[in-house]
Structures are given as C-alpha cells and as structure tokens.
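Q: Got a minute to go through the charged pairs and some strand pairing in this one?
A: Yes, put it up.

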Amino acid sequence: MPPEDVIRTIKIENVVASTSIISKIDLDEVSQRIEGAEYNKKRFPGAIYRLKEPKLAVLVFGSGKIVCTGAKKISDVQIGVTNIFERLEEIGVSTEGQTELVLHNIVSSADLGREINLDAVAMGLGFENIEYEPEQFPGLVYRIAEPKSVVLLFGSGKMIITGCKSPEDSKLVVVKIVNDLSELGLL
C-alpha cells in the first residue's frame, strides 16, 4: 500500500495540550460552582471539568495549570480551554497571564491495510529502536527519532502513533514506517 493510502487512514484519537494562568485556583470552589467539574483530592490533585460537546476533559490545577485531554481535533482543544476560562471568570477567577497553548502529544491510529509479520519486522529493523516481546505484549514498539515518536505496530497492520506534536508529524511517521517496511520487503 503506498504511503498516501495509509496516510488517509490516520485518525486522531487524543490530543493533549496545556496552558496556565497566573492566578491560584481554589479547586473546591471550582467543583462546587462550575457545573460539570468534580474534585476529589484523594483521587486526583486537580479538578476535572468534562465537556460533552466536544467530548473532552480539562484538568484544572490549583497552581493555575490547565491541561486539556481527550480531544479528537486540535480545534476542540481551543474550545475546551476557552470554555474553562469563561467558567473561571464567571466565578471570579482572573484568567490573566494566559500562557500560549502548547501541544504535548497527539495520539493517532493508522492502518497498513494488510497483516504484517512482526518477527520479520523486528529482525529487519534491528533491536536498537525496537522492543518486541510477544509473550508480554502483542505489538512491536518502534521508537522513531525524527519526528520523535513511538509507534505500536500490530500484526493486523494497525498502528498507534504517540508523541507527535502535530498532525503533520503523524503523516511523516506513517511515511517512514511504510518506507522502512517496503525496504524490508514486508509490504
């Protein structure tokens, strides 16, 4: 399968991004006054604010740090962050000093469209960037230096790509995987 065909199968599964404000945040007040927010300091050190549309969670920490997770699109992250800033302002928390929104991790899935022999992949790619112990985990872990990412590759041809900072990075990883496997005669 040519790289372009595999690129078309890429689906963003999760986007994690963060920002922060200067203000300290009273998490008990957040959980009491913001609908959809919950806080249990015995279970997690931050308040969890869940949105139904888009479906995602915003983690709010007392230090002013805000982490958005669970988004399926980068644009949804901005919606989640804007939403929590509006809710915080409504309860009297200043959102001044907002830092730039930083993308930390994009998790994507993709499909090679055919089964692959992971034993042959491990042997062909060498073991310096590969972890493959089929008795412990059914996938092969392939660490890629550029763009820095980790790929979980399964015998079904499906893969999970983690660590990317942009959708373009996910595409570059897919091209590298397809090229590496093609060079080994495994695709």
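A: A salt bridge here is a side-chain nitrogen of Lys or Arg within 4 Å of a carboxyl oxygen of Asp or Glu. Keep in mind that the model is predicted.

Q: How many salt bridges does the structure hold?
A: Nine. One of them is between Arg8 and Asp5, with the closest N and O atoms 2.4 Å apart.

Q: Arg8 and Asp5, buried or exposed?
A: Arg8 counts as exposed, at 62% relative accessibility. Asp5 is partly exposed, at 27%.

Q: What about Glu90, which residue does it form a salt bridge with?
A: Arg87, with the closest N and O atoms 3.0 Å apart. The two residues lie three apart in helix α3, so about one helical turn separates them. Glu90 is exposed, with a relative accessible area of 56%.

Q: Which residues are in the network with Arg87?
A: Glu86 and Glu90 join Arg87 in one network, through salt bridges that share partners.

Q: Switching to strands. Which way do β6 and β10 run, parallel or antiparallel?
A: Antiparallel, with five bridges joining them. Ala110 stands opposite Met159 of β10.

Q: And which salt bridge links β6 with β10?
A: Asp111 with Lys158, 3.0 Å from N to O. Asp111 is in β6 and Lys158 in β10, 47 residues apart in the chain. Asp111 is partly exposed at 22%, and Lys158 is partly exposed at 44%.

Q: How many bridges pair β9 with β10?
A: Four, in the antiparallel sense. Leu152 stands opposite Ile160 in β10. The hairpin of β9 and β10 has three residues between the strands, and Gly157 takes a positive phi near 95° there.

Notes
Residues are numbered from 1 along each chain as its sequence is written. This is a predicted model: local features need pLDDT of at least 70, side-chain atom pairs count only at pLDDT 80 or more; totals for chains, interfaces and linings use all residues. Side-chain values use heavy atoms; hydrogens and water are left out. Two strands pair if DSSP finds at least two bridges between them. Buried means under 20% relative accessible area, exposed over 50%, partly exposed in between (1.4 Å probe, protein chains only).
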